[in-house]
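Here is a quick walk through the charged pairs and the cysteines of one protein chain. Have a look at the sequence and the fold before reading on.

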Amino acid sequence: QVELVESGGGLVQTGGSLRLSCAASARGVYVYVLGWYRQVPGQQRELVATINRDGTANYADSMKGRFTVSGDINVNTCYLQMNGLKLDDTAVYFCYAQAYYGSDIKLTYWGQGTQVTVSS
């Protein structure tokens, strides 16, 4: 089981920056991906960025350049630095984990989400 706790959301003006943090607590599973998704009410949850255990980062095309994911799965932490925020970045941001249970069972976990609101 993996518990994910996000922090760092809030209200920011357009062009501003925020840094989201995710603290993961894992028991009995092997976490191999941590990352972030976001969701606007009425829309599907979409990928922002993920990071693998070896440190390789993966970004949604629309997030490249403004957002930076970092962290260390070995110590169960993941961060999302968001710069140049736009009105369209307003969403609930969810920390995300993929883990193995045993050798071949893949599990997905979600945090409760943190609200990011960008105002003009």
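What follows covers the salt bridges and then the cysteines.

## What kind of model this is

Keep in mind that you're looking at a predicted model. Distances and accessibilities below are therefore values computed from predicted coordinates.

## Salt bridges around Asp89

Scan the whole structure and 4 salt bridges turn up. Start with Asp89, which pairs with Arg38, their closest N and O atoms sitting 2.9 Å apart. In sequence the two partners are 51 residues apart: Arg38 belongs to strand S4 (residues 30-39), while Asp89 is in the loop between strand S8 (77-82) and strand S9 (91-101).

Asp89 also meets the side chain of Arg66 in a salt bridge, at 2.7 Å from N to O. Arg66 comes from the loop between strand S6 (57-59) and strand S7 (67-72), and Asp89 from the loop between S8 and S9, so this contact ties together parts 23 residues apart in sequence. Add Glu46 and you have a network of salt bridges linking Arg38, Glu46, Arg66 and Asp89.

## Buried or exposed?

Are Arg38, Arg66 and Asp89 buried or exposed? Arg38 is buried, with 8% relative accessible area. Arg66 counts as buried too, at 17%, because the cut-off for buried is under 20%. Asp89 comes in at 1% and is buried as well.

Another salt bridge joins the side chains of Asp61 and Lys64, with 3.3 Å from N to O. Here Asp61 is exposed, its relative accessible area being 64%.

## The disulfide

On to the cysteines: the count comes to 1 disulfide. Cys22 and Cys95 are the partners, with an S to S distance of 1.9 Å. Cys22 lies in strand S3 (residues 18-26) and Cys95 in strand S9, so the link ties together parts that are 73 residues apart in sequence.

As for its geometry, the link of Cys22 and Cys95 is left-handed, with -85 degrees about the S-S bond. Both of these cysteines are buried.

## The cysteine without a partner

Which cysteine sulfur is nearest to that of Cys78? It belongs to Cys95, at 5.6 Å, and Cys78 is in no disulfide. A disulfide needs the sulfur atoms within 2.5 Å, so the 5.6 Å between Cys78 and Cys95 doesn't qualify. Cys78 still counts as buried, at 0% relative accessibility.

Conventions. Residues are numbered from 1 along each chain as its sequence is written. This is a predicted model: local features need pLDDT of at least 70, side-chain atom pairs count only at pLDDT 80 or more; totals for chains, interfaces and linings use all residues. Side-chain values use heavy atoms; hydrogens and water are left out. Helices (H or I, at least four residues) and strands (E, at least two) are DSSP runs, numbered from the N terminus. Buried means under 20% relative accessible area, exposed over 50%, partly exposed in between (1.4 Å probe, protein chains only).
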